[in-house]
Amino acid sequence: MPRFLLALLAMFVTFPALAQVEQQTSVGIAEAFASSPDGQIKVSVTTDGDGRPYYAVTRAGKPIIRPSRLGFMFTDAPKIERNMMIAGSSTSRSDTSWDQPWGEWKTIRDNHVELRVRLVEKTPVAPGREIDVVFRLFDDGVGFRYEFPEQPHLKTARIGDELTEFDLAENGTAWWIPGSEWNRDEYLWQKTPITEVPLVHTPFTAKFDDGTHIAIHEAALVDYSGMWLQRVDGTKLKAVLEPGADGAKVTRALPFNTPWRTIIIADDAPGLYRSHIELNLNEPSKEADVSWFQPAKYVGVWWAMHLDKYSWNTGPKHGATTANVKRYIDFAAANGFKGVLVEGWNVGWDGNWFANGNDFDFARPTPDFDMAYLSAYAKKKGIRLIGHHETGGSTTHYEQQLDKGFAFAQANGEHVVKTGYVTDAGQLERVDPDGKTFREWHDGQYASNHHLKVVTAAYRYQIAIDTHESIKDTGLRRTYPNWISSEHARGMEYNGWGNPKNPPEHEANLVFTRMLAGPMDFTPGVLSLMGKGDKPIQSTIAKQLALYVVVYSPVQMAADLPENYAPYAGPMQFIKDVPTDWVDTRVLNGEVGDYVTFARQARNDPDWYLGAVGDEQARVLSVPLTFLAPGKTYEAQIYRDGDDADYRTEKRHSIVIEKRKVTAGDTLTLRLAPGGGQAIRFKALK
Ligand code: NOJ
Ligand code: CA
């Protein structure tokens, strides 16, 4: 029997009940298709006359992704693209729920239809190569990945690139940051027509003219290279994998699966954030016990370095001295913060650490930093130090010290370590056992393996990891919950330096792009609103407070200098009160890059918190409080922009703090100043 017929037969044997293939013959012009649980989203897979496979996505009959190519280039074999046929397909249904140990929501529903399509290469010299394309259709979008089964004529895939396309069905507006540029993913978002998108990072967000919003990203990036998107022509985007130093962008022995390519489809911007596709396409947790980690707020020896008041290196300005860190511990204890981050505590900062981390020692403090004393002092005050492992991009040097570094952290009571990879894109240093040195990309296959090495090693020492200059977040926190947060976007530090500072629209961009990937260690709460050289940052105080609700992370910093909080005891009360762990999250309104309002319910008490941020324009938002429990009265503790507040003037500090009783039947009017925001605690009354 010819091989493709065998394959066809095999598919029906494996998935008999729901097999759904339009039986054509060996010419391979069959179509496989499936619909989301609510029937609105449809995916179809076809081949053209040359045997090129395509997928297409519609929603309520409207094309979202026009027929788009699937396939691979290899560095040592002909591409998989033409002469393919659909050998079989099957669908299955699943509707389950699972709990996050901490997060924006406690319980996540995973309701999807899976469509599995086997593509087999027709070849005169039998047998051809084969791949499965597996789609998961949710009511709010689609994920798909390639699965390479074991097979006789492909043992190791050396992938030159993916041929996956996303041919957006219409023009519209797109929000993006450039891919492959030196500053990794620390760029300001740009807004252009889809037809002007260049090579970009994901998450990539777009809006069609009828208001339909879509976001393209990936889930479960494991042992594979991250995906950029390159516009080919018109509105057609194509996957471009980040390079690898060995020539192939990805090298994998079969069998293996690629990451999921994800397409969220929503009626509006808030709908993008509500999607759980990212988490649902990751594997369940592989970590048996993470009860040792508790979401919390922290302070740290950090902002002062970015203001150039302290230095990481030793010398007269060294921030991480015993006396200074003791002061931070006292400040944390007096204000209810549970963690104190200390950067510059270890040996290695005195040389040219930017892009050369080979002097770093992750178990050796500087002589003026008494780790034993400070960790004991912190413990006495109910505080834990947060470790810091800046690698300068020297990944091999770091890997050689993982056990030593995490054992040292654990011995000193640390449960969180912040890591850093400060070096330009494509400049991570990898040194092979034979001493040969290579340069790798921050989202490449090598980096994806490096980060999982770090996270799994850290788990053995009950350490949670917060990565900066990291690989993109692809929802791996579900599988490795101790990977608690990451940066991979422009955070507060840019407001310290000012080249340029983050504009008022920055966070309203973040929410609907970067934050679709997962938590961000943004480090808000600079109530002085001052960067280096007393240059103002482009925000009001109320907006700084709102960011604790708007930008989710299980670890949230109060980033300003301890002495800077003294004049702001009123607003600081909100930072003390706001939790970093939620049972429920509602996105009440929002437009990409303009504004957004969140309401989140605390995990451990019945209180709700609201955060709204805008852009450079003043704005009035009307917010019905229907999320509150019916029949209950709450005290709304409101932190709003003063009537004269404006990020461009001395009145950026103008804030009104007031209280009023509210119920679920009330509607609040939020007035956001230019560059402003609003934060509210809804305290449930007995
Ligand atoms: C960049 C990080 O984002 C920042 O938080 C840190 O202070 C510096 N690197 C030094 O590690
Ligand atoms: Ca950074």
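Which residues in H8 meet which residues in H9? In this predicted model, Leu402, Asp403 and Phe406 are the residues of H8 that meet Lys453, Val454, Ala457, Ala458 and Arg460 of H9. Helix H8 covers residues 402–411 and helix H9 residues 445–460, and their axes come within 9 Å of each other, crossing at roughly 40 degrees. An angle counts as roughly parallel under 35 degrees and as roughly perpendicular from 65 to 115; H8 and H9 are therefore oblique to each other. The crossing in which H8 passes H9 is right-handed.

Phe406, one of the H8 residues that meet H9, also leads into the nonpolar interior. The largest nonpolar core has 181 residues, and Phe406 is among those that touch the most other members, together with Tyr55, Phe135, Phe166 and Phe204. The element that gives the most to this core is helix H12, residues 541–550, with seven residues. Another core lies apart from it and consists of 21 residues, including Tyr595, Leu668, Leu670 and Ala684.

Three of the residues named in that second core, Tyr595, Leu668 and Leu670, reappear in the surroundings of Leu621. Leu621 is found in strand E34, which spans residues 619–624. Its relative accessible area is 7%, and the limit for a buried residue is under 20%, so Leu621 is buried. When its neighbours within four places in sequence are left aside, Leu621 is in contact with Asn589, Tyr595, Thr597, Leu668, Thr669, Leu670 and Leu672. For one of these partners, Thr597, the separation from Leu621 is 24 residues in sequence, and the C-alpha to C-alpha distance is 8.8 Å.

Charged side chains form a further layer of the description. The structure holds 53 salt bridges. One of them joins the side chains of Arg116 and Asp132, with an N to O distance of 3.1 Å. Arg116 belongs to strand E7 (residues 107–121) and Asp132 to strand E8 (residues 130–138), so this pair ties together parts that are 16 residues apart in sequence. Both partners are buried: the relative accessibility of Arg116 is 14%, and Asp132 has a relative accessible area of 5%. Nor does this pair stand alone, since Arg116 and Asp132 are linked with Glu114, Arg118, Glu130, Arg136, Arg145 and Glu147 in a network of salt bridges.

A second pair is formed by Arg430 and Asp432, whose closest N and O atoms are 2.9 Å apart. Here the two partners fall into separate classes of accessibility: Arg430 is buried, with a relative accessible area of 8%, whereas Asp432, at 23%, counts as partly exposed.

A third salt bridge connects Asp577 with Arg681, the closest N and O atoms being 3.4 Å apart. Why does this pair tie together parts that are 104 residues apart in sequence? The reason is that Asp577 lies in helix H14 (residues 569–577), while Arg681 lies in strand E38 (residues 677–684). Asp577 has a relative accessibility of 21% and counts as partly exposed; Arg681, at 13%, counts as buried.

Note on methods: Residues are numbered from 1 along each chain as its sequence is written. Chains are lettered from A and ligands numbered from 1 in the order in which they are written. This is a predicted model: local features need pLDDT of at least 70, side-chain atom pairs count only at pLDDT 80 or more; totals for chains, interfaces and linings use all residues. Side-chain values use heavy atoms; hydrogens and water are left out. A salt bridge is a side-chain nitrogen of Lys or Arg within 4 Å of a carboxyl oxygen of Asp or Glu. Helices (H or I, at least four residues) and strands (E, at least two) are DSSP runs, numbered from the N terminus. Buried means under 20% relative accessible area, exposed over 50%, partly exposed in between (1.4 Å probe, protein chains only). A nonpolar core is a set of buried Ala, Val, Leu, Ile, Met, Phe, Trp, Tyr and Cys residues joined through side-chain atoms within 4.5 Å. Axes are lines fitted to C-alpha atoms, for helices over the stretch in contact, and angles run from 0 to 180 degrees between N-to-C directions. Angles under 35 degrees count as roughly parallel, over 145 as roughly antiparallel, 65 to 115 as roughly perpendicular and the rest as oblique. A crossing is left-handed if the near helix is turned anticlockwise from the far one by less than a right angle, and right-handed if clockwise. Contact means heavy atoms within 4.5 Å.
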